[in-house]
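Student: I should like a close look at one part of this protein, namely its charged side chains. Please begin with a single residue, and then place the charged pairs in the setting of the whole chain.

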Amino acid sequence: KYKTPSYFLILIFVCYYWSIGGKTMKLRYKYRIYPNAEQKELLAKTFGCCRVVWNDALAIFKSEGMVKGVDKRVITQAKKTEERAWLSEVSNIALQQSYRDLDLAYRQFFASLKGKRKGKKLGSPRFKRKESRQSYTLTRNGFSIHPQSIKLAKMGHVKIVWSRELPSEPSSVTIIKDTTDRYYASFVVEVEDNIPAIAPNESVGIDLGLTHFAILSTGEKIENPRLHKKQLKRIKKASQQLNRCKKDSNRRKAAKLRLAKIHAKVKDARTDFNHKLTTRLVRDNQAIAIEDLNVSGMVKNRKLSRAISDAGWYSFRQMLTAKCDRYNRQLVIVDRWEATSQKCSNCGFKGGKKELNVREWQCLNCGVHHDRDVNAAKNIEQWAVGHTDQDKNGQSRANKTTLVAKSVDSAKHLSYSQLSLF
């Protein structure tokens, strides 16, 4: 049901920043390419050369610090040596861009240490491996677009499937080879900020769960596809076959590819599900409220960690944030310590903490019968009404909730206990 087409689906990722003036923004369009056998060999050489430039420069930075002229040492001077003479066989644009990516990674790492960069703190750049996902980037002078192909520097025309027209001239392209030997061309384009019409609904609250992936304040419950669980038997069997193979054998390579294809199938289906759901929510609602879940802490529960990871809450929130930024929607992040499951959405009475097996309950104050998840979604929506002044859809540091709940004086606050009548 959630299978992703091989090349018809284009995943549009927002780069989370506005260009000068706030009238344009940068997007990334991804297309499937089909290189022939000779082009695959040239792509492998380019991937390897870019990886060598990255690793050589990183080794110098780690031993000598952020010195100048490293790009000349690892590219220009290295080509004149016998050990690195094969660097001349690939495009110099790709090699230069590989070094620039490393330089940018170090600048962002230092900015994160000093607190100048928003978001989670970044780690130090690491050495690249041959077995993992491979990629290299070409700037505008290194490629050209044609009706049925893309011409790459020192490679020629590569077949591409244009499942959608590019909105503007791309500034760069990244050639990607994933772990299942599929090749993609990812273009960076700049588009105008076209604000769509006002959504039919004013606001909606979303409560994420496991039995149902999302429960809306309207009462709609969206089923959890459980994509990893459906493929779990195949994953276990493929992992066992991989472990029985000898290292560096052809059978091990084939078994590793089979396992990677199963994981890629799960990933593609989850991405497709999240894209379709977030697009519908952003299109139909002007304001969206979700809870700031502590996913990293919740996965420490050994009984629920696999189910929580299978749900993909973090990627869902990332896509929702990106699309709200793009389509000028308001996204409100509810404090994780807000008692959305304990409070009655009708009268505001707090009935105390409830066990997870209590799915329905009746308010002791007003007598209204509640569905636990729908009531929580309504409370999330009501909380968001009074907190719509967050900076840029809750992305600033001030909107991050604390790791410890605030303590209260028990003498000033009465405590209630919700009793189950069933």
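Tutor: Glu 220 counts as partly exposed, at 33% relative accessibility; this value, like the others that follow, is computed from a predicted model. The side chain of Glu 220 meets that of Arg 280 in a salt bridge, with 3.2 Å from N to O. This pair links distant parts of the chain, since its members are 60 residues apart: Glu 220 is in the loop between strand S10 (212-216) and strand S11 (221-223), whereas Arg 280 belongs to helix H6 (residues 250-284). Arg 280 is itself partly exposed, with a relative accessible area of 27%. The general principle is that side chains of opposite charge can pair when their charged atoms come close.

Helix H6 also contains the pair of Asp 272 and Lys 276. Their side chains form a salt bridge, again described by an N to O value of 3.2 Å. What separates these two residues along the helix? Asp 272 and Lys 276 are separated by about one helical turn, because they lie 4 residues apart in H6. The burial of the two partners can be stated separately. Asp 272 has 4% relative accessibility and therefore counts as buried. Lys 276, at 53%, counts as exposed.

A further pair is made by Lys 177 and Asp 181, whose closest N and O atoms are 3.6 Å apart in a salt bridge. Lys 177 counts as partly exposed, at 24% relative accessibility, and Asp 181 is also partly exposed, with a relative accessible area of 43%. In addition, salt bridges link Asp 178, Arg 182 and Asp 268 in a network. The search of the whole structure finds 17 salt bridges, and the pairs described above are among them.

The charged pairs belong to a protein of 422 residues, of which 42% are buried. The fold contains 10 helices and 15 strands. Of the contacts between residues at least 6 apart in sequence, 67% join residues at least 24 apart. The protein exposes about 25,300 Å², with 51% of this supplied by carbon and sulfur atoms.

Helix H3 shows how buried residues are covered by other elements. H3 has 22 residues, and the span from its first C-alpha to its last is 32 Å, close to the 32 Å expected at 1.5 Å a residue. Its buried residues include Leu 95, Tyr 99, Leu 102, Asp 103, Tyr 106, Phe 109 and Ser 112. Helices H1 and H2 and strand S3 (134-139) are among the elements that cover the buried residues of H3. Ser 112, which lies within the helix (residues 92-113), counts as buried at 1% relative accessibility. Leaving aside residues up to four places away in sequence, Ser 112 touches Arg 117, Lys 120, Lys 121 and Leu 122.

A nonpolar patch on the surface is formed by Met 66, Phe 110 and Leu 113, which together have about 260 Å² of accessible area. Met 66 sits in the loop between helix H1 (37-64) and helix H2 (70-79), and this residue is partly exposed, with a relative accessible area of 39%.

Cysteines offer another kind of side-chain pairing to examine. How many disulfides does the structure hold? The number is 0. Cys 363 is in no disulfide, and the nearest cysteine sulfur, that of Cys 347, is 3.7 Å away. A disulfide would need the two sulfur atoms within 2.5 Å. Cys 363 is buried, its relative accessible area being 3%. Cys 366 is likewise in no disulfide, and the nearest cysteine sulfur is that of Cys 347, 3.7 Å away. Cys 366 is partly exposed, at 33% relative accessible area.

Two loop residues deserve note for their backbone. Most residues other than glycine have a negative phi. Lys 154, however, has a positive phi near 60 degrees. It is placed in the loop between strand S5 (149-152) and strand S6 (156-160) and counts as exposed at 54% relative accessibility. Asn 328 likewise has a positive phi, of about 60 degrees, although it is not a glycine. Its place is in the loop between helix H9 (313-326) and strand S13 (330-334), where Asn 328 counts as partly exposed at 46% relative accessibility.

Conventions: Residues numbered from 1 in each chain as written. Predicted model: local features only at pLDDT ≥ 70, side-chain atom pairs only at ≥ 80, totals over all residues. Heavy atoms only, no water. Buried < 20%, exposed > 50% of the residue type's maximum accessible area, 1.4 Å probe, protein only. Contact = heavy atoms within 4.5 Å. Patch = residues over 30% accessible without salt bridge, like charges linked within 9 Å, V, L, I, M, F, W, Y side chains within 5 Å. Areas by Shrake-Rupley, 256 points an atom, 1.4 Å probe, with all protein chains shown as cover. Salt bridge = Lys/Arg side-chain N within 4 Å of Asp/Glu carboxyl O. Expected span 1.5 Å × (residues − 1).
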